[in-house]
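Reader: Please take me on a close, friendly walk through one small part of this model, the strands joined by short turns near the start of the chain. I would like to see how they pair and what the backbone does between them.

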Amino acid sequence: MCLTKPGKSNVIDAVSFAMGERAAALRVQHLKDLVHGAHIGQPESESASVALCYYDDEEQQETIFCRGITGNSSHYRINGITVTYARYVKELEKIGIVTKARNCLVFQGAVESIALKDPKERTKMFEQISQSIEFAADYEKKKEALLKAKEDTQFHFNKKTSATVEKKQMFREQVEAQKYQALVDSLQENRLQLSLAELYYNEKHIHSLIDNLEERQQAAATNNNMARTLEQTVKTHKKEHGRLLREQQQVEKEISAQEHALSQLRSQYIKIKMSISHHTKKVEDAGKSLKNKYKLLSKKEQDIEESQQEIKELERTWKHYEKQAQQQRASYGRDIELEADQLERYKELKVTARMQAAILRQQGEKLHSEVKAGFEKLSFDQRKKKEVEVGIRNTQNQLEDLMRRAEKLEEYNKSCKLSIEEYGQQEKSLMAELQKGKHRSEELNEELGQVLQELRNASLDNQECKRQLQRNELLMRLQRLYPESVYGRLSDLCSPIHNKYLLAVTKVFGHNMSAIVVTTERIARDCISYIKVERSGPETFLPIDYLNVRPLKEQLREVPGAKMLVDVVKINITPGANQLKKVVQFVCGNALVCETIKEAQQVAFGSQERIKTVALDGTLFAKSGVISGGSSHLRTKARCWEEKDVTKLRERKDQITTELRYLMKLKRKESDLKQTIAQAQGSQIRLKYSKIELENIKKKNIVKCQSEISRMESELANLDYEIKIQQESLETKEAEMNMIRDQINQMEDLVFSDFCAEIGVDNIRAYEQEHQEQVTELDKKRLEFQSQRARLSAQLEYEQEQIEQQKKQLNKMENAMNEEKGIVAVQKKDEQKVLLAVEEAQNNLLEVEDQLLHKKTQVTAAKTELDQETQRLHKIQKDSVNLERDVMFAKTSLEQKRLVRHNLLLACKLRSLPVSLLSGILQEISEVQLDTESTLLSTDIHEREAEITIDYSQLKAELKNLEGEAEVKAHLEKLQKLVDSLELVLHQTAVPNMKALEKMVEMKNRLQEINEAFSASSKETKRCSMEFEKVKAQRCNSFVKCFEHVSVVIDQIYKRICRNSSAQAILCADTPDEPYLGGINYNCVAPGKRFMSMDNLSGGEKAIAALALVFAIHSFRPGPFIILDEVDAALDNTNISKVTSFIRKMSQKNLQAIVISLKEEFFSKADALFGVYSDVDKCMFSRILSLDLRPYPLAEEENGEHMGSDH
């Protein structure tokens, strides 16, 4: 059975709707959209329904499945009874219709879609057909639960294993802890004795240092009192010097203000001067232009007088001509005489002729008057044309003059702009230079103040000894001779990183402190030769390439309480820093620096290998065992580090002073800047006026001339056109007049024919001509006279108007020139005033400069007296500095001892040693600066620690009664070695777990909990495994049942469709154990071709293979019918014939097929045809036509029957 024509999709939608399909598969978004729309003007229906009737041949029972729409919801009925969707679908499945699998429906394009499916999509389709997809969610859930249960079981098993191992370890740790505790107790006791002994002798040293410090502080206080007295005197002199400086600065400010005012007055004078020059030039130009205008005016007045004389002469000539014409008429009149009756007859005939030609005469007179007016207009236009041409030439000449003037002004503007740009660049450069100099001067003054303050604070002797000066001069000469090779003295090239290392570095450097560093040995020998020639003192040289530098021992950096001397020396210059490090390494070697003498001695001689060590106070422990202590000479030598800084400050002071002098000279450029600004302003004023004039010429005068020329040219073109039109019109009218005149003459000839014969003339015009020629000639002359007089009068009137306009323009120019003259006069007065003000300002400036010179003399005298008092103060301050250094050294030693006490107490606190205290609490010890390089502690820490009094009753008597530092040191070293040995044993012994007993009980309880959890997780894993296997079996059975059936049937169907036993269709799964987890491959062997996958087949072959798969799937779950929607879209006629033959054979057995097709080759082989078409009654609806084709057997079948009967 086949469906054709439009409306087939609606049938498919209706069948699908009745089979329970969702709205998404029905070409609509909402179910209510399926309801048929109403006719125009009719209400829309809100409900609709489709019924599906199924008849069972065996039970001979009919079942009606009905699905309806109300609003946007569906309702389901079976045999009129309302049921749920699930029940509805279940009943459909009983008769073989599986909605989800769509086993009865093959939609349009479904065959092509099946042909294009990949293996995974094919697997999904099989899952829907087999309904194994219903187990997919439960399968995944059970699988996830099984995996989680297995992970939990493995986790608990691992915990159980680790807990068993941990229990065995705990037992071993318990035994080790007891042995370790005995060693710890012994170490604590020895540490306590060592700490108490160190604290006991540390307090003795602190008391002796306090007494020494008090004596030195008294001496320093006495010297400070003397310094304060001198400081007061110096302050008094400084105040006086400062007052004089302020007065000097005030005078300088006044000079600056006067100079600024003078500069402004000069600038104002220059502006006025430039303005006067500009306005004077304008007056001169206006005078020249006015003079030229007056010349033109006088010339035009002469032309007017000549025109007036010409008019008078024309009138006299006309009067004379009239007299001559009258005399000629009188003479002609006496030649021909008519008789009275002839004259009367002539008049009568003349009247008759006039009456007959009255209309023509009127036309002729009208044309004559028009011609006369046209000639007058033509002559007037021709005169006007000449006047316009003259005006155009004059205006063009004026425009050329304006253009030349504009070009000159533009060139002048360009030159002014270039001048302004040059002045601007000069101004910017000068301003930038002055501004930079001002900022630099402020920075230098501030830096100079800081340098002077630092020099005053240094309070060192400002005078160097003669020998030191000679050595410095020698070094400078050597550096000039070898600038790239002589670096300088070692003390200038490097310095300690902190002041506390001064004595230590000085001690190790020794005689190399003042050694000169050079690059090579050759340079050193050349320098020595030069010194010999100059007969200078001996010098030590350190050639970098000649030094034998030993490598540093890196393990020394790990020595506790010590640092390598190389690490506390820094290089002060950047160029050649790497080479200078080699020199420092040569001088320092592997020497170490320690905080105290005791630590230095311990480091130097405490190990098997002796180490060169120096203490902060300058005590040196050599490898040979020689010990050299610090001295006053060492402190004096160490001052070179500070004197070096002072020398740098002095050099910086001289540099700043020199630069300030240069910056003072730079201020002289302010006058150049002011002059440049004034010149730039003058150029700007000139440029402004020239721009205004140029703008007036371009925007007003030139535009006005151009518009005037354009107007006159357009007027000239109009005149030419009008003259041409008038000439053509006059010629036409004259021709018409001649025609009219000829007609009048013919009429007169008829009227006067007898009269002319009587008087003996050819025509009456011959008679009249004799008498009328004079009249005509007179009229013509009169017309010429009137035309000429009118032309001269118009020209005279035009020239008079031009003269009036020029007179008004001249008046305006005279008024403007008078105004400019007034401006020049006013500005000259202003110039005189400004000039007087400039002279007055110059006189005031000279007076103020004299005051400044007097103030400078006073400041110099006050400065000399202040310097004398300052030198005295510096001498006393130097002594105070020396005393303060001694006090500072004593304080440093005291602070070092207090730091040692602090560290000892802190060590007791950190190590929890049981130290007995008479007062104070050990917990109050602060932990600040425990590892810092500084030896000073804050005051509040000292106060708190001073309140702590230690009870030394715990200290053994043999340690209290020691005498001499050597004995104390020996006993303390002995105790330290004992402690070190115990610490070494403890360090080599692994620390056991001291809480092993407590953890053993916890371990047993935890192990029991782990065993219980492991047992529970094992049971859970077993349960999840059973559930998973059950679901897996259900899903696998459903899928495999379908897949195996289709795999077997599809090959048979494919062969039947292709009508070839060699054709093959093969389905194979990627994962045979669980085929639903992988893809399903579809391969075919088409007739006459090799084995190929679905993707490699042609379009028609793909369609045949896809149809074979469709029919194979339908055979697994055969429904009562199957609907195929345009499955022949991709098939040619041959393949259509194969498919139709297969469908006909299947339908003869157990298949009811409904096919939708638009191809005649397909539907012509159906048993019945149904056509769907639209009809309109009250509304539009669909109707179905049917045609039973069974009475009309196919030709193939008839041939088959005939062949059967023949057999």
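Author: One yardstick before we set off: a residue is buried under 20% relative accessible area, exposed over 50%, and partly exposed in between (1.4 Å probe, protein chains only). The model is predicted, so local features need pLDDT of at least 70 and side-chain atom pairs 80 or more, while totals for chains, interfaces and linings use all residues. Numbering runs from 1 along each chain as its sequence is written, and side-chain values use heavy atoms, without hydrogens or water.

Let's begin with strand β3, residues 61-70, which runs antiparallel to strand β4, residues 73-78, with six bridges between them. (Strands are DSSP runs of E, at least two residues, and helices are runs of H or I, at least four, numbered from the N terminus; two strands pair if DSSP finds at least two bridges.) In this pairing, C66 sits across from R77 of β4. Two residues separate the strands of the β3 and β4 hairpin, and there G71 adopts a positive phi near 70°.

Follow the chain onward and β4 takes a second partner: strand β5, residues 81-83, pairs with β4 in the antiparallel sense through three bridges. R77 turns up again here, standing opposite T82 in β5. So R77 is a handy landmark, because each pairing can be read from it: C66 faces R77, and R77 faces T82; the pairing itself is defined by bridges.

The hairpin of β4 and β5 also has two residues between its strands, and N79 takes a positive phi there. N79 belongs to the loop that links β4 and β5. Its phi near 55° is a positive value in a residue other than glycine. That deserves a second glance, because most residues other than glycine have a negative phi. As for its surroundings, N79 is partly exposed, because its relative accessible area is 42%.

If you would like another backbone to set beside N79, look at R1059, where phi is near 60°, again a positive value in a residue other than glycine. R1059 lies in the loop between α21 and β19 (1064-1069). R1056, in helix α21 (residues 996-1058), is partly exposed, with a relative accessible area of 36%.

For a buried example, try S275 in helix α5, residues 136-333; S275 counts as buried because its relative accessibility is 8%. Its C-alpha is 7.8 Å from that of R686, although 411 residues separate S275 and R686 in sequence.
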